[in-house]
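Reader: Could you take one part of this model and go through it slowly with me? I would like to know which residues are hidden there and what hides them.

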Amino acid sequence: MQVDADLHIHSRYSKAVSKAMTIPNLAENARFKGLDLVGTGDILNPKWEEELLRYAEKVDEGAYERNGTRFLLTTEVEDSRRVHHVLIFPDIETVREMRERLRPYSSDIETEGRPHLSLSAGEIADLANELDVLIGPAHAFTPWTSLYKEYDSLKEAYGNAKIHFLELGLSADSEMADKIKAHHRLTYLSNSDAHSPMPHRLGREFNRFEVKEATFEEIRKAILKRGGRRIVLNAGLDPRLGKYHLTACSRCHTKYSLEEAKAFRWKCPKCGGRIKKGVRDRILELADTDERPKDRPPYIHLAPLAEIIAMVIGKGVETKAVRIVWERFLREFGSEIRVLVDVPVEALAGVHEDVAKAIWAYRNEKLIVIPGGGGKYGEIRLPEEIRKAEIEELESVEVELPEEKPKQRSITEFLGVR
């Protein structure tokens, strides 16, 4: 069976997270999104553990379910150098044991969703391996709280400790990460890091697993590439839409080349703000290969359905007008992932023709993308040629994009969906 999973989110016990991040809300919105499996996030927090056990039923070791949505036990922790790591636990007993083992090294493990630890990356990984917990760097390339913000290699960060995966983050995709040869042995996870349960946040990046069932053991085998289990698809934002894709000022978001940023000594000449190095430039600094592993699954670029609708009708992504159109699509086709990936564009046009055109454009990588940087998300725009065309004319429309489109395979190439 194939399982769509988002394994890195946060609960309402983490800072800057919506109070609506509850187990019931997550289960409901995961169903709307089309996710079969969601990481709990923040499971080291005892109050969040209590809520999970209250609102979800245990169906297997390490797997819980509410209204058809499965949950795996996951968390994110911050090490002594403010680098973040994702952990996936085999069962609740291991969660409790790790909480006790970490208590002497954390002043906020009882109160914070994402606890800070006075341990190095290697020490956390050693403990995870001792307890059979899966571990990997979270959003490995972002300029804040990431592995490559602080280190130049996996070896420098983790020493000889074993890690099991690398999380790409919103500003990178598989092709970018594969420019570093040390990554080729690792499975990539594409997760949302959602701070809100809304479907334009939850599942905005997800992984498609090929497993026998949605359990920890099956997911573990897939991440470790064992027993025929595997990830068959990573799906996520075009990396240009990420907040830190390009080098830019973190105050006014003016974009700079790496050479300009260095010349300005990382201080924005326009507003005096701090210039943050973009993910693209950071990866190019570290790149040591143009080869790619033969077993790397495809990465498909997505844009959340609500953002596509908002772009088309010219309203805010959380407005009632956008919600009405979004609900019409879900009533007709069942989930957001089906609308974005699977349903033919002719059928989508029966709900909203202009939105169907925009979905066709993103499937064929013909949306205009204005890259993000400095903490500001990128933007998508529908070319006028596509907006004016009839549905049956889309294949023949010539579109001139303002910059080179991503090299990743499009959805139409991968699934044959038009």
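Author: A residue is called buried when its relative accessible area is under 20%, exposed when that area is over 50%, and partly exposed in between, using a 1.4 Å probe and protein chains only. The model is predicted, so local features need pLDDT of at least 70 and side-chain atom pairs count only at pLDDT 80 or more, while totals for chains, interfaces and linings use all residues. Residues are numbered from 1 along each chain as its sequence is written, and side-chain values use heavy atoms, with hydrogens and water left out. Helices (H or I, at least four residues) and strands (E, at least two) are DSSP runs, numbered from the N terminus.

With those terms in hand, we can turn to helix 4, which spans residues 121-130. Its buried residues are Ala-121, Gly-122, Ile-124, Ala-125, Leu-127 and Ala-128, and they are covered, through contacts (heavy atoms within 4.5 Å), by elements including strand 5, strand 6, helix 3, strand 7 (134-137) and helix 6 (154-158). After helix 4 comes Asp-132, whose phi is positive, near 60°.

Helix 3, one of those covering elements, comprises residues 92-102 and has Ile-92, Thr-94, Val-95, Met-98, Arg-99 and Leu-102 as its buried residues. Seen down the helix axis, these residues fall within an arc of 155°, so they line one face of helix 3; the arc is that of the directions from the axis to the C-beta atoms. An α-helix has 3.6 residues a turn, so residues three or four places apart point the same way. The cover of the buried residues of helix 3 includes helix 4 in turn, along with helix 2 (46-55) and strand 4 (63-66).
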